[in-house]
Amino acid sequence: KEFGSSSNNVFLNVDKGFPTKCTCGSDVTIYTSQSNDNPGRLYFRCSVSRKPGHLFKWVEDVMYEEVMDLKQNRRESEVEVNELMGEILNVKEEVQQCKSELRNIKIKNMVVLVLCLCVLAIVIIYHIMFQKVDRNTLVFGKK
């Protein structure tokens with residue numbers, strides 16, 4: 001059989017996707033098949049050896065593996081995006097709750113402030129009207 005025949009392939013197909021190195025550590029080169037069974041068909045092969053145990057891989061197999069990996073990555077990305085969208089919705093709900101709590105705290109603080117001012121006004125009015133204090137003492141701090 002001529003090298004590059006699709007039947008009885010004894011060459012090692014290692015990793016998925018585009019190969020960069022053979023198992024022997026040599027670079028991989030792309031070739032065009034000259035066989036009668038696969039004329040013009042592209043393949044990757046160890047640039048050092050055609051012997052069994054060295055890399056041989058058809059380009060369309062590599063492309064198929066790459067497409068399948070991309071499809072899997074896309075599915076995984078879609079799952080991650082959906083999870084992140086759910087987290088975003090949870091964060092938005094928490095932000096709305098925080099805004100509502102902040103509004104309530106501001107209202108309570110305003111009520112407390114108004115009450116404190118009213119008590120202070122009552123104390124001052126009481127001292128002015130019912131205590132025998134010289135007005136100069138209140139205003140100027142003198143006796």
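The legends below describe close-up views of one predicted model.

Residues are numbered from 1 along each chain as its sequence is written, and side-chain values use heavy atoms, with hydrogens and water left out. In this predicted model, local features need pLDDT of at least 70 and side-chain atom pairs count only at pLDDT 80 or more, while totals for chains, interfaces and linings use all residues.

**View 1. The whole chain follows the pattern β-β-β-α-α along its sequence.** The chain has 2 helices and 3 strands; these are DSSP runs numbered from the N terminus, with helices being H or I of at least four residues and strands E of at least two. Of its 143 residues, 17% are buried, where buried means under 20% relative accessible area, exposed over 50%, and partly exposed in between (1.4 Å probe, protein chains only). About 11500 Å² of the chain is exposed, and carbon and sulfur atoms supply 60% of that area; the areas come from the Shrake-Rupley method with a 1.4 Å probe, and for residues only the protein chains shown count as cover. Among contacts with a separation of 6 or more, 48% join residues 24 or more positions apart, a contact being heavy atoms within 4.5 Å.

**View 2. Tyr31 and Tyr43 form a stacked pair.** The structure holds 6 aromatic pairs. Rings of Phe, Tyr and Trp (its six-membered ring) pair if their centres lie within 6.5 Å; planes under 30 degrees apart count as stacked, over 60 as edge-to-face and the rest as tilted. The Tyr31 and Tyr43 ring centres are 5.7 Å apart and the planes are at 25 degrees, so this pair is stacked. Because Tyr31 lies in strand 1 (residues 28-32) and Tyr43 in strand 2 (residues 42-46), the pair ties together parts 12 residues apart in sequence. Tyr31 is partly exposed at 23% relative accessibility, whereas Tyr43 is buried at 4%.

**View 3. Phe56 and Trp58 form an edge-to-face pair.** Their centres are 5.0 Å apart, with 80 degrees between the planes. Phe56 is buried, with a relative accessible area of 1%, and Trp58 is buried as well, with 5%. Ring pairs link Phe56 and Trp58 with Tyr31 and Tyr43 into a cluster.

**View 4. Arg41 and Arg45 sit over rings of the cluster.** A charge sits over a ring if NZ of Lys or CZ of Arg is within 6 Å of the ring centre and within 35 degrees of the ring normal. The charged end of Arg41 is 3.6 Å from the centre of the Trp58 ring. Arg45 lies over the face of Tyr31, 3.9 Å from the ring centre.
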